[in-house]
Amino acid sequence: MKTKVARFIVLLSLCACESIAPIEHNGSECFNLENCDIGFICIGATPNSAGLCLRPSQPLCGDGLVRQGLALGEPGYEGCDDGNLSNTDGCSNGCVSARCGDGFIRNDLDPMVAGFDSPYENCEDGNLVDDDACTNLCQRARCGDGVLRSGLQAGDSGFEACDDGNLVGGDACTSLCMPARCGDGFVQTGVDECDDGNLEDRDACTNACTLARCGDGVARVDIAEGEPGFEVCDDGNDDDLDSCSNACLGAACGDGVVQDGENCDDGNRQDDDACDNYCGVGIVQLLLGQTFSCALVANSDVYCWGSNESGELGLNDRISRGRATKLADLGSVVSLHGAQSRGVCALLENGDLNCWSLGSNGDPLPQILPWIESVKGLALANRQACAVKRDGSVFCWDGLHLSAGENLAQMGGLSNIVQVIGRYQSFCALDINGAVYCWGDNAHGQLGDGSTDDHLDARIVEGLAPVSELFALPNAVCAQVRNQSLWCWGKQNVVPINLPGPHLRPIEIRTLNGVKSMGGYHDSSPWALLSNGSLWRWNHNDRTPRLRSLPNSPELLLYQSGFQHFCWVTQTQEAHCSGVNRSGQLGVGVPPYQLEPTTLALNIDSVAQFRSGEVSCAVASDNQVTCWGDHNRLDAAGRPEGALTYRVERKVGLSPVGQVSVSGDVICVRHVNGQLSCWGGYGRGLLGRGNDDFSYEIGFVANIDSAEQVEVSTSHACARLASEGVVCWGRNSDGRLGNGTLDSSNIPVPVRDLTQVVDLAVSAGTTCALKRDGSVWCWGSDGGNGYQLGQGVRRDPSALPIQVQSIDSASVLRSSTGAFCVVQGLQFGNCWGSSQIWRREDEMRAILPESLLVLTGSYWHGAAIGLEGNLWTWGYSRVGNQGPLTQSAGDYILPHSIEGFELANDVQVYGDSTCILTQSGQIQCVGRFPDPAYYHLQDATRVVGLNGYQVPEAP
């Protein structure tokens, strides 16, 4: 008791001030105000010792008694006093009743009863401005609160263009507080019939937000043939007698109506009555180029489809087509002739040549060649052409362009020629007596003279009985003699016989008799169609011809192959195509490229990471992998064994995956446990398993259990380890493995003198690493066009890492087809390599956002993602890879933003495509990209617009 009294005396002396003036205590010890009775305050308490409860001589804020007798605004006035000094309840520590806008958030109310009439506060910004982030009701601004926020711009989080006080998506202001528009994904009541959230006009919901229907003028492309709603055409009228029926199925042979282009139509497809099964307009020839296809029908009409970048479709524009489209009248066409890449000539009945897309730039308008006439046969090779005139003479010219007439020259020593063929730089001619003459390149013995020496004069091929027809194969020639036996000579991998080569003189092929046509775009895909309609194929590994049956028709009328696609015509005159469809060359009614951002249909809820290329792969948020693309590069790893069509397959057999890397014909994944798996590889040691074999089976990379990242190129792969070191494996020409040698390795080897690596990127023969200090180090090749080592000058390869010049603060490192890019801090960094699209960097820096998340580039174009997720692209605008631009192809275009893309976390550029990973976990693309639905089809795919009948031109 004595201690308390002493402390009371001390406190009285310490606190004897007018504001407090305690006059008594109640004997209670305290550590805070809550320990004291109403009217008492706690004085002298510290964290280690108690104070005393004292009654002041005058009312004090916090004593629990509301002071009376003072008016609002007078010193000492109290509107409340709850006996504490908390600012977060109903009475502040200034004894003023809490109110919205006082700068203090109350925490004494139940949020479950919050509402527009509740005093509950979830924000407090100290003002009564209603259109900022915190409203005048102290509620966080939200879409649907009836208050239109200001101070934000489109793209900012929380931006509102409207706010009607509700979250109804079907009125004039959507539940995202954006004005309703067609394509926003909300069906506006009384305005829209549908809204699928995209601007694809050819699906179930049009760009006018009306339900697609036959007769609306837009042909659908989202329904397979045979399914309800399928449309071949849609001309927007109800005339059933024109080229598009009222069922939107075209004007088909067999419908009983003789349409324009039909010679007859008896209402059936029988071939044994007065009108044949193709109504007199059957397909008489197929011509397949690298990425396009054409067909000639019996009434001399020509249809083409696929890529049209260089005018190879002959439609007087450069707009590619995904379905067969009729050319303007070319005259009476006898046959079509094409070069390996793009040039096409139509041989007319009067002997003229009507040609288009000749030369590197191509001319999309068909024109009559003025310098040659009276032609009866033609061969177009890579850069040369030879024509047989009606008098049997042969004239050739060098340079496939419309102004090459001055190079025209007659081939000496040739007369009475009836046929000429050519592939690459070699030609052969057949005369009326059955003798064969060849000239040109002879590297593979394709001239048949017993040597590999080139010669420009035409020399007879000895050892042949009289020949009836010649067939051109890649670096080989076959001749069918008049007794129906077949003889071939040239490249060993192409000639269809399992004997050592090259075959410098004709050799009999006894497995093939009665050949109707032969071909092959490259030496891995030769074929022969026999007169009985059977198709035979062989390859460089097994050169014995094997019977190959195609879906829907064991007997074929016509067959042709392109670079990665092939087409055929059945006995019932239906045209089908199969293979790669990146450019629309299959004619299945799918656009060859997209000008508007298109979301890929992957059936993945959320993508966490992806890579794009000939094969594309995505890692889902559940750590499973999905791949799509060229099945020849995926094969058993991407589809069930024996399946004809590549489908998107989830790799559920893999343990959880954290990252994927793809390049050409190999795929590698990093598992979350630090192991690596690869498949593909084509024998370069790329699988890292201790051998050089390729494998379609998924297997682990040897000796790696702590990988943080894997990157793979077409010839080597590298992995960043948890130790911040790097290992590489694969081919090592030019020192791309970075171990100081040129020795290849099929197991991982450490990169020398490289530590503290935080990011990694590879290109064809070069690897670069970003170190923790922001510097970048590269090794391997300087690239085909130089500068990939980042030294500012072309230099010799380096088998050890060397530092890239002028980069010391990089935060992100990326690579894409021949180029490397870095973000420095958050700023536009630098790009180096073989691409030339970076040479206006100062102007680019002035346009791009100040803060960047990703920067990447390829040979053709570049892309960047701003810190907020906006996409910017620049470079060549080739086939829609930068959206619907008005600039001409080939211009260097400064960065611009493409409308329609969602906000992104990542971007991949490859070839002619730009793809982003949206913040919602979806993949959106523009340009020509490997769409999983249509990239590679090996099922019988009927060509839309070309099946023995006339249809309107496709959009």
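In which order do the four strands of the open sheet lie, and is their pairing parallel or antiparallel? The order is β8-β9-β10-β11, and the pairing is antiparallel. The views below come from a predicted model, in which local features need pLDDT of at least 70 and side-chain atom pairs count only at pLDDT 80 or more, while totals for chains, interfaces and linings use all residues. Residues are numbered from 1 along each chain as its sequence is written, and side-chain values use heavy atoms, with hydrogens and water left out.

**View 1. The open sheet of β8, β9, β10 and β11.** Four strands make up this open sheet, and they pair in the antiparallel sense; strands here are DSSP runs of E with at least two residues, numbered from the N terminus, and two strands pair if DSSP finds at least two bridges between them. The edge strands are β8 (333-338) and β11 (367-368), each of which pairs on one side only. Strand β9 (residues 344-348) and strand β10 (residues 353-356) are joined in the antiparallel sense over four bridges, and C345 has C355 in β10 as its bridge partner. Strands of a sheet pair through backbone hydrogen bonds, either parallel or antiparallel.

**View 2. The antiparallel pair of β24 and β25.** Strand β24 (residues 515-519) is mostly covered, since four of its five residues are buried, where buried means under 20% relative accessible area, exposed means over 50%, and partly exposed lies in between (1.4 Å probe, protein chains only). Four bridges link β24 to strand β25 (residues 527-530) in the antiparallel sense, and G519 stands opposite W527 in β25.

**View 3. Salt bridges of three arginines.** The structure holds 10 salt bridges, a salt bridge being a side-chain nitrogen of Lys or Arg within 4 Å of a carboxyl oxygen of Asp or Glu. One of them joins R321 to D317, with the closest N and O atoms 3.1 Å apart, and R321 is buried, at a relative accessible area of 10%. Another joins R459 to D457, where the closest N and O atoms are 3.2 Å apart; R459 is partly exposed, with a relative accessible area of 39%, and D457 is likewise partly exposed, with a relative accessible area of 39%. In the salt bridge between R546 and D542, the closest N and O atoms are 2.8 Å apart. R546 counts as partly exposed because its relative accessible area is 48%, and D542 counts as partly exposed because its relative accessible area is 27%.

**View 4. A patch of negative charge on the surface.** The patch gathers D238, D239, D240 and D255. Patches are made of residues with over 30% relative accessible area and no salt bridge, like charges being joined within 9 Å and nonpolar side chains (Val, Leu, Ile, Met, Phe, Trp, Tyr) within 5 Å. Asp and Glu count as negative and Lys and Arg as positive, while His and the chain ends are not counted. D255 lies in the loop between β3 (51-56) and β4 (283-288), and D255 is partly exposed, with a relative accessible area of 36%.

**View 5. Backbone features in three loops.** The peptide bond from G501 to P502 is cis, with omega near 5°, and P502 is placed in the loop between β22 (486-490) and β23 (503-509). Y424, a residue other than glycine, has a positive phi, near 55°; Y424 is placed in the loop between β16 (417-423) and β17 (426-431), and counts as partly exposed at 22% relative accessibility. D753 is not a glycine either, yet has a positive phi of about 60°. The place of D753 is in the loop between β43 (745-750) and β44 (757-762), and D753 counts as exposed because its relative accessibility is 61%.

**View 6. Two residue pairs, given by their C-alpha distances.** R543 is found in the loop between β26 (535-537) and β27 (546-547), and R543 is buried, with a relative accessible area of 10%. From C-alpha to C-alpha, R543 and V494 are 7.3 Å apart in space, and in sequence they are 49 residues apart. Q827 is found in strand β50 (residues 827-833) and is partly exposed, with a relative accessible area of 42%. Q827 and R845 are 18 residues apart in sequence, and 8.4 Å apart in space from C-alpha to C-alpha.

Technical notes: Areas by Shrake-Rupley, 256 points an atom, 1.4 Å probe, with all protein chains shown as cover. Charge placed at Lys NZ, Arg CZ, Asp CG, Glu CD.
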